[in-house]
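Visitor: I have a structure to look at and not much time. Can you walk me through it?
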Amino acid sequence: IAAVAVRALTGDGHDGAVYELTGPHSLTQAEQARLIGEAIGRPVRWEETSPQDARREMLARGWPPEAVDGILRAQADMANGPAPVTATVEKVTAFPARTFRSWAAEHALAFRD
């Protein structure tokens with residue numbers, strides 16, 4: 001995201017552009033949890049919660065209602081099938097988007113107790 005932002009803010013041809021940014025693969029939450037587990041060297045699992053409980057918890061943490069509702073809509077969409085994957089990162093930066101696996105490995109310390 002940062003690399004695209006730098007290009008969009010400092011390069012020509014981005015005025016008014018709206019970019020949909022994705023990684024190179026569409027992953028389920030369970031797959032993301034598994035990859036984080038691999039990065040930290042212990043199992044991690046995804047536990048499903050109801051949208052109502054998730055909304056209540058996010059709002060209690062001070063998240064804006066619009067953001068909470070957008071996240072819940074996106075998660076509901078992911079339950080219907082794989083999310084779309086775009087090549088936008090590579091088109092804008094000339095470098096492929098990083099994988100979730102590499103991101104998890106780079107941020108493994110943040111996931112450790």
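Guide: We will take the aromatic rings, then a helix and a loop. Keep in mind that this is a predicted model.

Visitor: How many aromatic pairs are there in the whole structure?
Guide: A search of the whole structure finds two. In one of them, Phe 100 and Trp 103 have ring centres 5.3 Å apart and planes at 40°, so this pair is tilted.

Visitor: Where do Phe 100 and Trp 103 sit along the chain?
Guide: Both are in helix α6, three residues apart. That puts about one helical turn between them.

Visitor: And what kind of pair do Trp 103 and Phe 111 form?
Guide: An edge-to-face one. The centres are 5.8 Å apart, with 75° between the planes. Ring pairs thus link Phe 100, Trp 103 and Phe 111 into a cluster.

Visitor: What is the relative accessible area of Phe 100? And of the other two?
Guide: Phe 100 has 21%, which makes it partly exposed. Trp 103 is partly exposed at 31%. Phe 111 is partly exposed too, at 30%.

Visitor: New topic. How many residues does helix α4 have?
Guide: It has 15, from 65 to 79. From first C-alpha to last, α4 reaches 21 Å, close to the expected 21 Å. Gly 81 follows α4 and has a positive phi, near 150°.

Visitor: What about the phi of Ala 94?
Guide: Positive, about 75°, although Ala 94 is not a glycine. Most residues other than glycine have a negative phi.

Visitor: Where is Ala 94? Buried or exposed?
Guide: Ala 94 lies in the loop between α5 and α6. It is exposed, because its relative accessible area is 55%, and exposed means over 50%.

Definitions and conventions: Residues are numbered from 1 along each chain as its sequence is written. This is a predicted model: local features need pLDDT of at least 70, side-chain atom pairs count only at pLDDT 80 or more; totals for chains, interfaces and linings use all residues. Side-chain values use heavy atoms; hydrogens and water are left out. Helices (H or I, at least four residues) and strands (E, at least two) are DSSP runs, numbered from the N terminus. The expected span of a helix is 1.5 Å times one less than its number of residues. Buried means under 20% relative accessible area, exposed over 50%, partly exposed in between (1.4 Å probe, protein chains only). Rings of Phe, Tyr and Trp (its six-membered ring) pair if their centres lie within 6.5 Å; planes under 30 degrees apart count as stacked, over 60 as edge-to-face and the rest as tilted.
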